[in-house]
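Trainee: Could we go through this structure together?
Mentor: Certainly; please bring it up first.

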Amino acid sequence: MKFKLPDLPYDYDALEPHIDAKTMHVHHEKHHQGYTDKLNKAIEGTELEGMTIEKILANVSQHSDAVRNNGGGFYNHSLFWRILSPEGGGAPDEKTGVSKSLIRKFGNFENFKKDFKNVATSRFGSGWAWLCVDEPTGDLFITSTPNQDNPLMDIARFQGRPILGLDVWEHAYYLKYQNRRADYVDAFFNLINWKVVNESFEAARKIAALV
Ligand code: MN3
């Protein structure tokens, strides 16, 4: 059983003008496909074959750099495509759990955006910004990771279950935004599918056995 590149849940040009079609093609068909293929190659014939990606990442300190980098790349991009939508943006429905939890943690939605943007723009070099559910408290927190690491990994400084992630590698924005990462982060806020993020939030809370 091999890992498979997931289809995008929308067309390549659907996120225009915020993320351009050319970037989406290269990012999905070249970068994400590359991580997927290299992950499959790295686990071929090992005890990791057939294991879930979450389980592999949870013990990633015991595996090779190829598994860490490509397993992270496979997981991170799979999450990233799902939380974007051409109908996304704005704030989450106030009645949803994720909205209530965001407001409890950050005071209001604008404060959350400010903190997330700050973390995303200050990550040096390549990496990701995350909104995560802490296990076992169930609280939300923002963090960032270098390269293709993520908070599910046992080597992450701050561990939790990611429910929202932003790719801040230059390959994610350079064609359209060049060095203007902050503008790309602003554009990202117009695309967030809060319905999907809330579903992940509720699932993470269940995993933490808090509901
Ligand atoms: Mn990427």
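Mentor: We shall take the metal site, the sheet, the aromatic rings, the salt bridges and one proline in turn.

Trainee: What should I know before reading any values?
Mentor: This is a predicted model, in which local features need pLDDT of at least 70 and side-chain atom pairs count only at pLDDT 80 or more, while totals for chains, interfaces and linings use all residues. Residues are numbered from 1 along each chain as its sequence is written, and side-chain values use heavy atoms, with hydrogens and water left out.

Trainee: Which residues coordinate the manganese ion?
Mentor: The donors are His27 (NE2), His77 (NE2), Asp167 (OD) and His171 (NE2), at 1.9 to 2.1 Å. A donor is an N, O or S atom within 2.8 Å of the metal (3.2 Å for Na, K and Ca); water is not among the atoms, so sites may look incomplete.

Trainee: How are the donor residues spaced in sequence?
Mentor: Their spacing is H-x49-H-x89-D-x3-H.

Trainee: Is Asp167 buried or exposed?
Mentor: Asp167 is buried, its relative accessible area being 0%. Buried means under 20% relative accessible area, exposed means over 50%, and partly exposed lies in between (1.4 Å probe, protein chains only).

Trainee: Now the sheet. In what order do the strands run?
Mentor: The order is 2-1-3, in an open sheet of three strands with antiparallel pairing. The edge strands, each pairing on one side only, are strand 2 (140–146) and strand 3 (161–167). From one strand to the next, the twist averages 25 degrees. Helices (H or I, at least four residues) and strands (E, at least two) are DSSP runs numbered from the N terminus, and two strands pair if DSSP finds at least two bridges between them.

Trainee: How many bridges join strand 1 and strand 3?
Mentor: Six bridges join strand 3 to strand 1 (residues 127–133), in the antiparallel sense. Within this pairing, Ala129 has Leu166 of strand 3 as its bridge partner.

Trainee: And which helix packs on the sheet?
Mentor: Helix 3 (residues 65–82) does, touching strand 1 and strand 3, and its direction makes about 85 degrees with that of strand 3. Contact here means heavy atoms within 4.5 Å. Axes are lines fitted to C-alpha atoms, for helices over the stretch in contact, and angles run from 0 to 180 degrees between N-to-C directions.

Trainee: Changing topic: how many aromatic pairs are there?
Mentor: The structure holds 15 aromatic pairs. One of them is Phe80 with Trp128, edge-to-face at 5.6 Å centre to centre and 90 degrees between the planes. Rings of Phe, Tyr and Trp (its six-membered ring) pair if their centres lie within 6.5 Å; planes under 30 degrees apart count as stacked, over 60 as edge-to-face and the rest as tilted.

Trainee: Where do Phe80 and Trp128 lie?
Mentor: Phe80 is in helix 3 and Trp128 in strand 1, so this pair links distant parts of the chain, 48 residues apart. Phe80 is buried at 1% relative accessibility, and Trp128 is buried at 0%.

Trainee: What about Phe109 and Trp194?
Mentor: They also form an edge-to-face pair, at 5.7 Å centre to centre and 75 degrees between the planes. Because Phe109 lies in helix 5 and Trp194 in helix 8, the pair ties together parts that are 85 residues apart in sequence. Phe109 and Trp194 are both buried.

Trainee: Which residues do the ring pairs link into a cluster?
Mentor: The cluster includes Phe80, Trp81, Phe106, Phe109, Phe112, Phe116, Trp128, Trp130, Phe188, Phe189 and Trp194.

Trainee: How many salt bridges does the structure hold?
Mentor: There are six. A salt bridge is a side-chain nitrogen of Lys or Arg within 4 Å of a carboxyl oxygen of Asp or Glu. Among them is Asp186 with Lys117, at 3.0 Å from N to O. Asp186 lies in helix 7 (residues 181–188) and Lys117 in helix 5 (residues 109–122), so this pair ties together parts that are 69 residues apart in sequence. Asp186 is partly exposed at 35%, and Lys117 is partly exposed at 25%.

Trainee: How far apart in helix 8 are Glu199 and Lys195?
Mentor: They are four residues apart in helix 8 (residues 194–207), which means a separation of about one helical turn. Their side chains meet in a salt bridge at 3.3 Å, N to O.

Trainee: Lastly, what is Pro146 in contact with?
Mentor: Leaving aside neighbours within four places in sequence, Pro146 contacts Arg123, Ser126 and Gly127. Pro146 is in strand 2 and is partly exposed, at 30%. Pro146 and Ser126 are 20 residues apart in sequence and 6.0 Å apart in space, C-alpha to C-alpha.
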